[in-house]
Amino acid sequence: MGQGGEAPAQTTQETRVAALRQAFQERFGEAPRFVSRAPGRVNLIGEHTDYNGGFVFPVAINRTVLMAVAGPEAGATPGEVRIISKEYDRESVFNLNNLEKAPEAERWTNYVRGVAWALGQRGLLDPATLSGARIMLESDVPQGAGLSSSAALEIATALALFQLAGTPAASLNRAKIALACQLAENGFVGANTGIMDQFISALGQPDSALLIDTRSLEYRAVPLGFADRGLKLVAVNSAVPHRHDTGGYNQRRAECEEAARYLAQVYGKPENSQLRDFTLEQLLGVQGKLAPTPFKRARHVITEDARTLKTVEILERGFAHESDLSTFGRLLRESHESMRLDFEITVPEVDLLVELAWNQPGVVGARMTGGGFGGCTVNVVEEKALDAFSEQVWQKYRQETGLDARMYIFDAVEGGSILE
Ligand code: ADP
Ligand code: MG
């Protein structure tokens, strides 16, 4: 790929696993028993719909957390877990019989501790029945870029704990595990997130995106068919860090709830109705009466749900109609415009990135992906146009912002797994 914009060359999973096994051996003096892996994700379309009972359509990507695992050292305290991440290079120790929050310097281990805690809370696996563990992990999911390094870490942890308990991965209820991992993030780490990230990391399918109904939690894999059409999925990181704990996210949630409450009153629906329950026609029926801000927020959510289902329809018929590819691109573009104008969660740098992509030959579509206020764009690009895309977008972005965009080319991969 082009100069500069290219993210560090991807080594194959095999190479990474071998290096991790070696490092584990050097550190702990014996080989790991197994390696668990779980992917990050990129959301193709369906943004800020998850807390409105709507639809999301993410892809599990070939950027993963790898976790080498063995039981405890002979003579170790029962329940003791020693864990080290290549990222932080400092061992943390905690006990499965007494799961407490980590000291600040080891804050990242709360994702691991939290999963052990949450599996116990949900009655899926009692952490106290495990004798302990030694864990070394490594990840090529960039952190804080909106590609969900945290969910990958959680799902890899959950699969590892079940493997230690002797439960075969094939017998697991992955939806329940994803829900427990969400509880870990909400209730132990303390981050207010929806169910999308854990679901896709646990349940992703190769060459597919996953349509998730975030209300019923029904889901189905939808083949992307990109390989047949010479298309690639590319994420571009704006290098504007996404600001998780800003008020923006909570404020959007509150505005959506306000709109849903108002609509429920007007149309005589139950009080706990969500934006999912209303049509665009119903929303337009209260234009001028519902305050402008919640009106715009609701318009984004309701139209975004429709765009998501339309995208699924196009992919499921395999781009059979002549106009399908351009309609797909238009839906991605409209999704971005809706986030920019109605939901107001984009920043100028990210708007610039999608505009550069739209103006680039061989780009089917592009939009911001993730929570917003920075982060990544997702782009569907013809394989033969990739070099020019990365060079041109990187250069022009650099010229206008002084920032270095980072490019990631993705394949859609399967969800978490155990590598024996
Ligand atoms: P995102 O999920 O979008 O990447 P989050 O803020 O939700 O961003 O999660 C990032 C956090 O997850 C990091 O701050 C760290 O605590 C934890 N984490 C992710 N990857 C690793 C890793 N390889 N090693 C240790 N901790 C990690
Ligand atoms: Mg996260």
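When I say salt bridge today, I mean a side-chain nitrogen of Lys or Arg within 4 Å of a carboxyl oxygen of Asp or Glu. Keep that in mind for a first example: the side chains of E337 and R340 form one, with N and O 3.0 Å apart. And please remember throughout that we are looking at a predicted model.

Hello everyone, and let's stay with that pair for a moment. Where do E337 and R340 sit? Both belong to helix α9, residues 324-343, and they are 3 residues apart, about one turn of the helix. There is a general point behind this: an α-helix has 3.6 residues a turn, so residues three or four places apart point the same way. As for the surroundings, E337 is partly exposed at 25% relative accessibility, and R340 is partly exposed too, at 33%.

Helix α8, residues 292-316, offers another example. Here E313 and K310 make a salt bridge whose closest N and O atoms are 3.6 Å apart. These two are 3 residues apart in α8, which again puts about one helical turn between them. E313 has a relative accessibility of 39%, so it counts as partly exposed, and K310, with 31%, is partly exposed as well.

Next, D404 and R398. Their closest N and O atoms lie 3.4 Å apart, and they form a salt bridge. D404 is partly exposed, with 33% relative accessible area, while R398 is partly exposed at 38%.

How many salt bridges does a search of the whole structure find? The answer is 28. Some of them join up: R27, E80, R82 and E91 are linked in a network.

Now let's step back to the overall layout. The chain is divided into domain 1, which takes in 13-223 and 413-419, and domain 2, which is 227-410. Taken over C-alpha atoms, the centres of the two domains are separated by 27 Å.

So what goes on between them? In terms of contacts, 33 residues of domain 1 touch 42 residues of domain 2. Together the two domains bury about 3300 Å², and 61% of that is on carbon and sulfur atoms. Between domain 1 and domain 2 there are also 4 salt bridges. While we are on the subject of salt bridges, you can look for R220 and E316, whose side chains meet in one at 2.7 Å, N to O.

Let's move inside. In soluble globular proteins, nonpolar side chains tend to be buried together. In this model, the largest nonpolar core has 86 residues, and the members touching the most other members are L44, F57, L233 and V380. Which helix gives the most to this core? That is α3, with 10 residues. The core also draws at least three residues from each of domain 1 and domain 2.

V380 is a nice one to click on. Leaving aside neighbours within four places in sequence, V380 is in contact with residues including L44, F226, L231, L233, F328 and V364. Apart from this core lies another, of 43 residues, and among them are L290, M339, F389 and Y397.

My last stop is helix α2, residues 110-121. How far apart should the ends of a helix of 12 residues be, at 1.5 Å a residue? The expected span is 16 Å, and the end C-alpha atoms of α2 are 15 Å apart, which agrees.

Is α2 mostly covered or mostly open? Mostly covered: 9 of the 12 residues are buried. Among them are Y111, V112, R113, V115 and L119. The elements covering the buried residues of α2 include the strands β3 (80-85) and β4 (92-95), along with the helices α3 (149-164) and α4 (174-189). Just past the helix comes G123, whose phi is positive, near 70°.

One of the buried residues of α2 is G114, and that brings me to a second glycine. G190 is in the loop between α4 and α5 (196-203). Is G190 buried or exposed? With a relative accessible area of 55%, G190 is exposed, since the cut-off for exposed is over 50%. Along the chain, G190 and G114 are 76 residues apart, yet their C-alpha atoms are separated by 9.8 Å.

That's my tour. Thanks for listening!

Key:
Residues are numbered from 1 along each chain as its sequence is written. Chains are lettered from A and ligands numbered from 1 in the order in which they are written. This is a predicted model: local features need pLDDT of at least 70, side-chain atom pairs count only at pLDDT 80 or more; totals for chains, interfaces and linings use all residues. Side-chain values use heavy atoms; hydrogens and water are left out. Helices (H or I, at least four residues) and strands (E, at least two) are DSSP runs, numbered from the N terminus. The expected span of a helix is 1.5 Å times one less than its number of residues. Buried means under 20% relative accessible area, exposed over 50%, partly exposed in between (1.4 Å probe, protein chains only). Contact means heavy atoms within 4.5 Å. A nonpolar core is a set of buried Ala, Val, Leu, Ile, Met, Phe, Trp, Tyr and Cys residues joined through side-chain atoms within 4.5 Å. Domain bounds come from an automatic or database domain assignment. Buried area is the accessible area (1.4 Å probe) that two parts lose on being put together, summed over both.
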